[in-house]
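Please open the model in your viewer, with residue selection at hand, and follow the stops below in order.

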Amino acid sequence: MQGNNPIFGRAEGFNGRHATYDAAAPSAEELQNMYAAPSATPVQTGRMTYDDVIMKTGITFAVLLAGAVVGWMNPGLAMIGLIVGLVLGLVNAFKRNPSPPLILAYAAFEGVFVGGISQIFENYAVSGRPLDGIVAQAVLGTLGVFAATLLVYRSGKVRVTPKFQRGVMIALIGYGIFSLVNLMFMWFGSSDTAFGFRDGWFGVLIGLFAVGLASFCLILDFDFIDKGVKAGLPAKFAWTAAFGLTVTLVWLYIEILRLLAILRGE
């Protein structure tokens, strides 16, 4: 039956004039062959897969590393990378549908920031001693935390419940407020240290808390990916997963870099 909606009335699929309506009914043999055919794969149905997430994350990190090379060679661009990366990060975070160009642009500018700040830390002198080798240590630390967190999640020892999610969110808000206050103190206060309140053993404790919090956020990222694949999310959301992993890993790297600087600076 044809409805009164003029849009549906002009569409072949709804007006009875599509070729499907004129086709003969399938025979019993054709129906049996259709029943025996293998089920369509997630790729064929346009659903997100783990391979999709791995590939999109690999592309995103390749762009991030390219930006990091530029930032390492031009550390003066670190602040530009930070500001533009922050803006693009917020835009991507609030978009309902992922935009691959915007996500890759974020990765590029965030890479410039990461490369620039890494070069600054590598050559920064604390108590007359340069922090050479600290970047390699931070990279290894980040990879180690990522691998350990993934193993813990895959083992099922940590369950992502609504209570767990609320706890992580509350901790994130609290840490964000502390970081903002600390930044204001560093800019406008009388602090003579590179990290404001985050100095000495108090800074070490805050750093360990931040690394742990970033690890919990990684678990939330893994859970989103796992549930998204099982729920059959559209393949485009693999870019969302890649963006989330990139944001968390960059944050984790910066926290480990800062923690190592505090420890090595005694």
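The tour goes from the whole chain to single helices, then to a surface patch and to pairs of charged side chains.

**The whole chain**

Begin with a cartoon of the protein chain, bearing in mind that this is a predicted model. The secondary structure amounts to 11 helices and 2 strands, and, read from the N terminus, the order of elements is α-α-α-α-α-α-α-β-β-α-α-α-α. If you colour by burial, 36% of the 266 residues in the protein chain come out as buried. Switching to a surface view, you are looking at about 16100 Å² of accessible area in the protein chain, with 69% of that surface belonging to carbon and sulfur atoms. Among the contacts with a separation of 6 or more, 77% are between residues 24 or more positions apart.

**Helix H6 and its two sides**

Select residues 78-94, which make up helix H6. With 17 residues at 1.5 Å a residue, helix H6 should span 24 Å, and its end C-alpha atoms are indeed 24 Å apart, so the expected and modelled spans agree. Which residues of H6 are buried? Show Ala78, Gly81, Gly85, Leu88, Gly89 and Asn92 as sticks, for these are the buried residues of H6. They occupy an arc of only 110° around the axis, and therefore lie on the same side of H6. Now turn to the other side of H6, where Met79, Leu86 and Phe94 are exposed. To see part of what covers the buried residues of H6, add H7 and helix H11 (238-264) to the display, since both are included in that cover.

**Thr60 and Ile120**

Move next to helix H5, residues 50-73, and pick Thr60 within this helix. Thr60 is buried, its relative accessible area being 1%. Once neighbours within four places in sequence are set aside, the residues in contact with Thr60 are Ile103, Leu104, Ala107, Trp239, Ala242 and Thr246.

From there, go to helix H7 (residues 100-123) and select Ile120, which has its place in this helix. Ile120 counts as partly exposed, at 37% relative accessibility. If you draw a C-alpha to C-alpha distance from Ile120 to Trp72, it should read 8.5 Å, although the two residues are 48 apart in sequence.

**A nonpolar patch on the surface**

Return to the surface view and highlight Met169, Ile173, Ile177, Val181, Phe197 and Phe202, which form a nonpolar patch with about 580 Å² of accessible area together. Which helix gives the most to the nonpolar patch? Helix H9, residues 162-188, does so, with 4 residues. Val181 is found in helix H9, and it is partly exposed, with a relative accessible area of 46%.

**Helix H10 and two salt bridges**

Select residues 200-231 to bring up helix H10, whose 32 residues reach 46 Å from the first C-alpha to the last, close to the 46 Å expected at 1.5 Å a residue. Just after H10, stop at Gly232, which takes a positive phi of about 75°.

The count of salt bridges comes to 3, and helix H10 is the place to look for the pair Lys227 and Asp223, both of which lie in this helix, 4 residues apart, or about one turn. The closest N and O atoms of the salt bridge between Lys227 and Asp223 are 3.2 Å apart. Lys227 is partly exposed at 47% relative accessible area, whereas Asp223 is buried at 9%.

Staying in helix H10, select Lys230 and Asp226, which are likewise 4 residues apart and so separated by about one helical turn. Their side chains meet in a salt bridge, at 3.4 Å from N to O. Lys230 is exposed, with a relative accessible area of 66%, while Asp226 is buried, with 10%. As background to such spacings, an α-helix has 3.6 residues a turn, so residues three or four places apart point the same way.

**A last stop in helix H11**

Finish with Glu255 and Arg258, which both lie in helix H11, 3 residues apart, about one turn of the helix. Glu255 forms a salt bridge with Arg258, and the closest N and O atoms are 3.2 Å apart. Is Glu255 buried or exposed? Glu255 is buried, with a relative accessible area of 1%, while Arg258 is partly exposed, with a relative accessible area of 21%.

Terms used. Residues numbered from 1 in each chain as written. Predicted model: local features only at pLDDT ≥ 70, side-chain atom pairs only at ≥ 80, totals over all residues. Heavy atoms only, no water. Buried < 20%, exposed > 50% of the residue type's maximum accessible area, 1.4 Å probe, protein only. Contact = heavy atoms within 4.5 Å. Areas by Shrake-Rupley, 256 points an atom, 1.4 Å probe, with all protein chains shown as cover. Patch = residues over 30% accessible without salt bridge, like charges linked within 9 Å, V, L, I, M, F, W, Y side chains within 5 Å. Salt bridge = Lys/Arg side-chain N within 4 Å of Asp/Glu carboxyl O. Expected span 1.5 Å × (residues − 1). Arc of directions from axis to C-beta.
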